[in-house]
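Reader: Hello! I am new to this structure and would love a close look at one part of it. Could you pick a helix, walk me through it and then show me what lies around it?

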Amino acid sequence: MPSRLLLGFGRKPAPEPNSEPPAAPHQVSAPAPAAPAPAVSNTSSGAALELARELLRGIEHFVLSTPDLDAPGFLDRLRRTAAHLSPESESTELEGHRRWAADSLSAFGQLQRRYLSEREDELWRLLSLYQEHQRVDGAANQQFHENLRGIHDRLGTVVRLDDLRQVRERLESELQRANTLLDQKSKQDDERAMALAVQVQQLEAALMRARHEATRDALTGIYHRGGFEAQLEAALKSPTPLAMAMIDLDNFKGINDTLGHLVGDQILQMAVNLLTKIARPGDVLGRYGGDEFCMLAPGTPPDRLAERFDRIASQRPINFKHEDRHVSVRISFSVGVAGSVAGDTKESLIKRADEALYEVKRNGKGHARVAPSPNGRAA
């Protein structure tokens with residue numbers, strides 16, 4: 001910004017002393033007679049030039065030295081121009097000095113005014129920020145300022161030592177009250193910060209619960225299908241082998257149709273309780289469909305996982321009370337188990353466990369079967 005203007009009049013150097021005016025082009029005709037010179041005495045001309053030198057030297061006192069303006073270079077030009085002025089200077093040389101001084105002083109003055117205006121704006125912004133920071137309470141601040149104004153007015157009429165003592169005591173009292181207000185504001189700010197921290201913790205906990213619930217089955221509280229498949233995909237990326245079971249609650253459709261959906265919901269919850277009892281730390285239990293469940297057991301051989309289901313797979317009676325009536329049903333589980341192999345995907349492992357499950361359902365239900373590995377041998 002300033003440097004561009006300075007470069008502008010930096011390209012217009014002040015004329016050097018004793019410079020010759022440009023030669024006129026060659027004329028064929030005789031030159032016209034010279035116009036008579038104005039009658040100006042040497043005394044008045046010398047006084048005018050001395051006045052011009054004094055004015056140029058006086059301008060130095062009004063030039064600001066700022067990082068944005070080339071003040072040293074500008075002042076050096078002024079000094080050299082003043083030094084070159086003399087009664088013996090040619091009129092063309094003086095005219096060149098006059099034009100340079102007029103243009104340069106105008107441009108440099110504009111730059112200084114702009115610089116001062118920008119610094120003034122910055123000062124007001126700082127004052128505004130300071131006032132905003134010092135604002136404790138609107139009414140209390142106003143009262144504090146009015147009290148200080150009253151003390152200021154009294155200082156103008158102080159004539160006795162007692163008056164000075166009273167003013168000092170009043171001023172100390174107001175300063176103490178201002179410090180108290182600032183301490184109260186600081187305490188309130190700390191309390192608000194602590195309250196906000198508690199709110200942030202509560203929101204984070206709520207977010208964690210929401211994320212947890214977003215992967216859970218609303219009826220049983222275990223993973224829903226999408227949540228279970230995400231856990232399965234993550235487990236398959238681990239080098240640890242795993243076993244997976246697809247579990248079907250036998251004859252559930254008939255129970256649901258006969259006793260109603262509310263009773264069916266209670267039976268599903270009881271089935272999950274049974275499955276939870278055979279799950280071990282690190283196992284993942286999910287609800288894959290309406291009456292179909294799944295279990296993931298990292299680090300467990302498939303035949304060992306199938307053995308766990310032997311305790312709950314066969315038929316067992318379940319008795320409970322529903323809406324003032326006793327309900328008694330017999331439930332069993334059909335289970336297909338598959339062990340992971342290198343290169344398994346979510347789909348390939350589920351497919352082998354499903355095939356084992358269908359084989360169980362074709363052969364009497366109520367037990368577990370291990371799927372053969374892809375190479376044809378038992379997993």
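Author: Happy to, and let us start at the end of a helix. Helix H8 is followed by Gly260, whose phi is positive, near 100°. Please keep in mind that this is a predicted model.

Now step back into the helix itself. H8 covers residues 252–259, and its buried residues are Phe252, Ile255 and Asn256. Viewed down the axis of H8, these buried residues fall within an arc of 100°, so they line one face of the helix. A general rule helps here: an α-helix has 3.6 residues a turn, so residues three or four places apart point the same way. On the other side of H8 you will find Lys253, Asp257 and Thr258, which are exposed.

What lies over the buried residues of H8? The cover includes strand S1, helix H9 and strand S5 (325–331). Let us visit these neighbours in turn, beginning with the loop that leads into H8. Asn251 lies in the loop between S1 and H8. Asn251 has a positive phi of about 60°, although it is not a glycine. With a relative accessible area of 47%, Asn251 is partly exposed, because that value falls between the 20% limit for buried and the 50% limit for exposed.

Next comes H9, which spans residues 261–278. Its 18 residues should span 26 Å at 1.5 Å a residue, and the end C-alpha atoms of H9 are indeed 26 Å apart, which agrees. The buried residues of H9 are Val263, Gly264, Ile267, Leu268, Ala271, Val272, Leu274, Leu275 and Ile278.

The third neighbour, S5, has a partner of its own. Seven bridges join strand S4 to S5, and the two run antiparallel. Within this pair, Lys321 stands opposite His326 in S5. S4 and S5 form a hairpin with two residues between the strands, and in this hairpin Glu323 takes a positive phi near 50°.

These neighbours come together in the interior. The largest nonpolar core has 32 residues, and the ones that touch the most other members are Ile247, Ile267, Phe309, Ile331 and Phe333. The elements that give two or more residues to this core are S1, H8, H9, strand S3, helix H10 (302–309), S4 (316–322), S5 and strand S6. H9 supplies the largest share of this core, eight residues. For a closer view, try Ile331: leaving aside its neighbours within four places in sequence, Ile331 is in contact with Leu249, Ile255, Ile267, Leu274, Ser314, Gln315, Arg316 and Ile318. There is also a second, separate core of 18 residues, which includes Val284, Tyr288, Leu349 and Leu357.

From S1 we can move out into the sheet. Five strands form an open sheet in the order S2-S3-S1-S6-S7, with mixed pairing. Strand S2 (284–287) and strand S7 (368–370) stand at the edges, each with a single partner strand, so one side of each is left without a neighbour in the sheet. From one strand to the next, the twist averages 15°. S1 (residues 242–249) pairs with S3 (residues 292–298) in the antiparallel sense over seven bridges, and here Met244 stands opposite Leu296 in S3. Helix H11 (residues 346–362) packs on the sheet, touching S1, S3, S6 (333–339) and S7, and the direction of H11 makes about 145° with that of S6.

Follow the sheet to its S2 edge. S2 and S3 pair in the antiparallel sense over four bridges, and they form a hairpin with four residues between them. Arg287 stands opposite Phe293 in S3. Which way do the residues of S2 point? Val284 and Gly286 point one way, Leu285 and Arg287 the other way, and all are buried. That fits a general pattern: in a regular strand the side chains alternate between the two faces of the sheet.

On the way to the S7 edge there is another residue to look at. Lys365 lies in the loop between H11 and S7, and Lys365 has a positive phi of about 65° although it is not a glycine. At 32% relative accessibility, Lys365 counts as partly exposed.

One last stop is Glu229, which sits in helix H7 (residues 225–236). Glu229 is buried, with a relative accessible area of 15%. Not counting residues up to four places away in sequence, Glu229 touches Tyr288, Lys346 and Ile350.

How values were computed: Residues numbered from 1 in each chain as written. Predicted model: local features only at pLDDT ≥ 70, side-chain atom pairs only at ≥ 80, totals over all residues. Heavy atoms only, no water. Pairing = 2+ DSSP bridges. Axes fitted to C-alpha atoms, helices over the stretch in contact; angles between N-to-C directions. Contact = heavy atoms within 4.5 Å. Expected span 1.5 Å × (residues − 1). Buried < 20%, exposed > 50% of the residue type's maximum accessible area, 1.4 Å probe, protein only. Arc of directions from axis to C-beta. Core = buried A, V, L, I, M, F, W, Y, C linked by side-chain atoms within 4.5 Å.
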